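Please open the structure in your viewer and keep the selection panel at hand. This tour proceeds from one selection to the next and says at each stop what is to be found there.

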Amino acid sequence: MNELKNELKKCIQCGTCTASCFSGRVTALNMRKIVMDYLSNERSVDVHDEIWFCLSCYACQERCPRGIKLTEIILKARQRITRKKGLPGRLSLALNSLKKFGALVVAKEEHVKMRKSLGLPLYHAQFDEKARKEIEKLVEKYSEGVLI
Ligand code: SF4
Ligand code: SF4
């Protein structure tokens, strides 16, 4: 944890990370505040549920003038949380759906019938066994905290 403290102590609270964050435009994710909370209140990055809104785009990390590895800090926090408590409920449901059907939103039976009746293809990985298996493997890795 000292390594993290030394890293975050370099922060000058310029807000570039927050201004660069695509997710933060529509969610509560605010990296400048998370860093400030850590430095001022010693609140771990892990207690901020909003880190699950991070898209891992690396914009904050790339633009931070102090070279703070913000995205990596978030990814490590998510790994720690997943290993300790598993994935948060909604994400876990989404991953289960991905694992089982190869899709976050499963195609409805009525829509499948309609597409078939119109001679339209079914693009959904749900209908492609090879793609579904590949997704299943990735989800298993993700669930172990390898990819997050
Ligand atoms: S961009 Fe870097 S220095 Fe600026 S507030 Fe964010 S973490 Fe701190
Ligand atoms: S890596 Fe995450 S926190 Fe950083 S800018 Fe992208 S979405 Fe925001």
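Select Asp-46 to begin; in this predicted model, Asp-46 has a relative accessibility of 17% and counts as buried, because that value falls under the 20% cut-off. Now add Arg-80, which forms a salt bridge with Asp-46, the closest N and O atoms being 2.7 Å apart. This pair links distant parts of the chain, since Arg-80 belongs to helix α5 whereas Asp-46 lies in the loop between α3 (31-41) and α4, 34 residues apart. Arg-80, for its part, is partly exposed, with a relative accessible area of 30%.

Keep helix α5 in view and turn to ligand 2. Which residues come nearest to ligand 2? Of the 13 residues around the ligand, these are Cys-21, Cys-54, Leu-55, Cys-57 and Cys-60. If you colour the shell by element, α4 (59-63) and α5 (70-85) are the elements that give two or more residues to it. Colouring the shell of ligand 2 by residue character instead divides it into 10 nonpolar residues, 3 polar residues and no charged ones. Should you display cavities, the space taken by ligand 2 is the largest cavity.

Next, select Glu-7 and Lys-10, whose side chains meet in a salt bridge with an N to O distance of 3.4 Å. Are these two residues buried or partly exposed? Glu-7 counts as buried, at 17% relative accessibility, while Lys-10 is partly exposed, with a relative accessible area of 29%.

Move on to helix α8 (residues 129-143), and select Lys-133 and Glu-136, which both lie in this helix, 3 residues apart, or about one turn. Their side chains also meet in a salt bridge, here with an N to O distance of 3.9 Å. Lys-133 counts as partly exposed at 42% relative accessibility, whereas Glu-136, at 19%, counts as buried, because the threshold for buried is under 20%. Extend the selection to Glu-129 and Arg-132, and you will have a network of salt bridges that links Glu-129, Arg-132, Lys-133 and Glu-136.

As a last step, display the salt bridges of the whole structure, where a search finds 8 of them. Side chains of opposite charge can pair when their charged atoms come close. Among the pairs visited on this tour are Arg-80 with Asp-46, Lys-10 with Glu-7, and Lys-133 with Glu-136.

Terms used
Residues are numbered from 1 along each chain as its sequence is written. Chains are lettered from A and ligands numbered from 1 in the order in which they are written. This is a predicted model: local features need pLDDT of at least 70, side-chain atom pairs count only at pLDDT 80 or more; totals for chains, interfaces and linings use all residues. Side-chain values use heavy atoms; hydrogens and water are left out. A residue is near a molecule or strand if one of its heavy atoms lies within 4 Å of it. On a 1 Å grid over the protein atoms alone, a cavity is a set of points where a 1.4 Å probe fits but cannot get out, and a pocket is an open set with protein on both sides within 12 Å along at least five of seven lines; lining residues have an atom within 4 Å of a point. A molecule sits in a cavity or pocket if more than half of its atoms lie within 2 Å of its grid points. Helices (H or I, at least four residues) and strands (E, at least two) are DSSP runs, numbered from the N terminus. Ala, Val, Leu, Ile, Met, Phe, Trp, Tyr, Cys and Pro count as nonpolar, Asp, Glu, Lys and Arg as charged, and the others, Gly among them, as polar. A salt bridge is a side-chain nitrogen of Lys or Arg within 4 Å of a carboxyl oxygen of Asp or Glu. Buried means under 20% relative accessible area, exposed over 50%, partly exposed in between (1.4 Å probe, protein chains only).
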